[in-house]
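Thanks for asking me to look this over with you. Here are my notes as numbered points, so you can follow them with the model open beside you.

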Amino acid sequence: MGKILLLLIIWLLILPVRAQRAKTVEDKMDWWREARFGMFIHWGPYSMLGGMYNGHRQRKGGAEWIMNRCKIPVAEYQSYAERMNPVKYDPESWVLLAKEAGMKYIIITAKHHDGFAMFKSNASKFNIVDFTPYKKDVLDELAKACRKHDMKLGFYYSHAQDWNNPGGSAARKVMEEGWLNPDSARIDQYTLDHQGHWDAAQQTRSMQQYIEEVAVPQVKELLSNYGEVAVIWWDTPVRMTDEFAEKFQKILDEYPQVITNGRLKRPNFPGDYRAPEQKIPDLSELDGRDWETCMTMNNSWGYKSYDQNWKNSEVLIRNLIDIASKGGNYLLNIGPTAEGEIPEQSIEGLRAIDRWMKVNGEAIYGTHRSPVGALPWGRCTRKDTDKGTILYLSVFEWPENGRLILKKDYKVGKATLLNGELDLKFRNSGEGIEIMLPEKAPDPIASVIKLELTNKLSLEQVIPDIKKSFDIVD
Ligand code: GLC
């Protein structure tokens, strides 16, 4: 009896702590859900090669994969890395570029699969301070600029794959056709026999040692040396085990504000959100969890000198709207050159988003998934206020007859065009809400109409058919 009483007392004492913890976890997502838009930066020694190796154009994958794709020996790759000297790096201008485009957070590759740390590390000499003539910690400089301009900062960290620090894992890839092994479309025998590695130097330590001696200490360095870290962005859990994942999870427990994606280890370390890549999920694929689509502006994450397949401003802006209309975040990537320059086309794309956001940002920030799904003429985002629900209709296809129909019977109090705050006439017709528009679209990419409803929509009205399955690739 006494024992039960004691257990009850302990439980009662723990309860508020647990409740507090649950609350903290909820709270930590607040800024992230409000943000809706962030910048991804892929930057490292691979940027020096720009997708070219000995005159060979890397055919598959992002340029940050070149070491693996072309099976570059460790010593040779390091001879490139030791020349990395980003003298044109101007972190403040990067932060301002992101900020002006309306981005609320930055995630930078602290260490990609090549294993090169873009920060001073005591766990591996293969880092920008100890290994290069630049000698400065680029993350530290970025963290300072972010603090100055009130930008959240997160770190991408390749925790499992590491092709330079011995013991790190390596995804098995075909040796590029036409390079070294001209007629092979298969993974070569050495790579098959050595768990994805292609150089004996990668195997002088076990994965366990790598995790304990490099990855875990480096994650600790990242979390303790750069002020408050907003996000840790894991990637490709190749050969991750529960035991390894636990080690990272344990560090995270000390930093309850840190948000993580779901790539630490699948499926039992789901993190705080899902991270589909290069793909915007359909509404039917969403399961109510938070999500963020990361996407490149051309086809490569890391700088690729010859990749000119740039998304135009229409695609970029409409992607952002589409993602917000489904309740997700857009993490849009830039791949600076090894010297530290952002490709002109990326800057142009971001400036176009900037111009659109200045007028229409209200339709993105702090909005939630729309109750109406994809519309034939555009997308819709939603905000709930005490007075009632606001719907933002982003019109991609401006109706020729000047009448826009939203097939719903909501009670509308007011309709305005965000551009110039012009009041619009509307009526509830048999077809739904009919809004009278000016003849010409104010913005050929997306013009936003703000519809203020007289009441707050209920959850059932907002998410009528939430599905349990979520099979998008992340
Ligand atoms: C990947 C790739 C990679 C890139 C990333 C972004 O799966 O391995 O190079 O950093 O995901 O989502």
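1. Let's start with a small puzzle: which residue in β6 does tyrosine 156 stand opposite? The answer is tryptophan 233. Please keep in mind as you look that this is a predicted model.

2. That pair is a good way into the neighbourhood of β6. Strand β5 covers residues 152-157, and 4 bridges join β5 to β6, with the two running parallel. Another strand, β7 (residues 259-260), is joined to β6 by 2 bridges, and that pairing is parallel too. Here isoleucine 232 of β6 faces a partner, threonine 260 in β7. To get from β6 to β7, the chain passes through helix α11 (residues 242-253), and this β-α-β crossover is right-handed.

3. Now look at the two faces of β6 itself, which spans residues 231-234. Are its side chains buried or exposed? Val231 and Trp233 on one side are buried, and so are Ile232 and Trp234 on the other, which leaves both faces of the strand covered.

4. Next, step back to the whole sheet. It is an open sheet of 7 strands with parallel pairing, and the order is β7-β6-β5-β4-β1-β9-β8. Why does one side of β7 and of β8 (292-295) lack a neighbour in the sheet? Both stand at the edges and have a single partner strand each, so one side of each is left free of a neighbour there.

5. Elsewhere in the sheet, try tracing β1 (residues 37-41) alongside β9 (residues 329-334). These two strands run parallel and are joined by 5 bridges. If you would like one pair to find by eye, take glycine 38: its bridge partner in β9 is leucine 331.

6. The ligand deserves a careful look. Which of the 14 residues around the ligand come nearest? They are His42, Glu64, His112, His113 and Glu277. Sorted by class, the surrounding shell holds 6 nonpolar, 4 polar and 4 charged residues.

7. Some of the contacts can be given as distances. Glutamate 64 has a polar side-chain atom 2.5 Å from a ligand oxygen atom, and for glutamate 277 the corresponding distance to an oxygen atom of the ligand is 2.9 Å. In arginine 263, an N or O atom of the side chain lies 3.3 Å from an oxygen atom of the ligand. As for cover, the ligand on its own has 310 Å² of accessible area, and the protein covers 92% of this.

8. Finally, a few backbone details to check in the loops. Between β7 and β8 you will find proline 267, and the peptide bond leading to proline 267 from arginine 266 is cis, with omega near -5 degrees.

9. Two arginines also have a positive phi, although neither is a glycine. Arginine 36, in the loop between α2 (30-35) and β1, has phi near 65 degrees. Arginine 239, in the loop between β6 and α11, has phi of about 60 degrees. Is each of them buried or partly exposed? Arginine 36 has 4% relative accessibility, and because buried means under 20%, arginine 36 counts as buried. Arginine 239, with a relative accessible area of 33%, is partly exposed.

Definitions and conventions
Residues are numbered from 1 along each chain as its sequence is written. This is a predicted model: local features need pLDDT of at least 70, side-chain atom pairs count only at pLDDT 80 or more; totals for chains, interfaces and linings use all residues. Side-chain values use heavy atoms; hydrogens and water are left out. A residue is near a molecule or strand if one of its heavy atoms lies within 4 Å of it. A polar contact is a pair of N or O atoms within 3.5 Å; within protein, one must be able to donate a hydrogen and the other to accept it, and residues adjacent in sequence count only if both atoms are side-chain atoms. Accessible areas come from the Shrake-Rupley method with a 1.4 Å probe; for residues, only the protein chains shown count as cover. Ala, Val, Leu, Ile, Met, Phe, Trp, Tyr, Cys and Pro count as nonpolar, Asp, Glu, Lys and Arg as charged, and the others, Gly among them, as polar. Buried means under 20% relative accessible area, exposed over 50%, partly exposed in between (1.4 Å probe, protein chains only). Helices (H or I, at least four residues) and strands (E, at least two) are DSSP runs, numbered from the N terminus. Two strands pair if DSSP finds at least two bridges between them. A crossover is right-handed if, with the strands pointing away from the viewer, the path from the first strand over the helix to the second runs clockwise.
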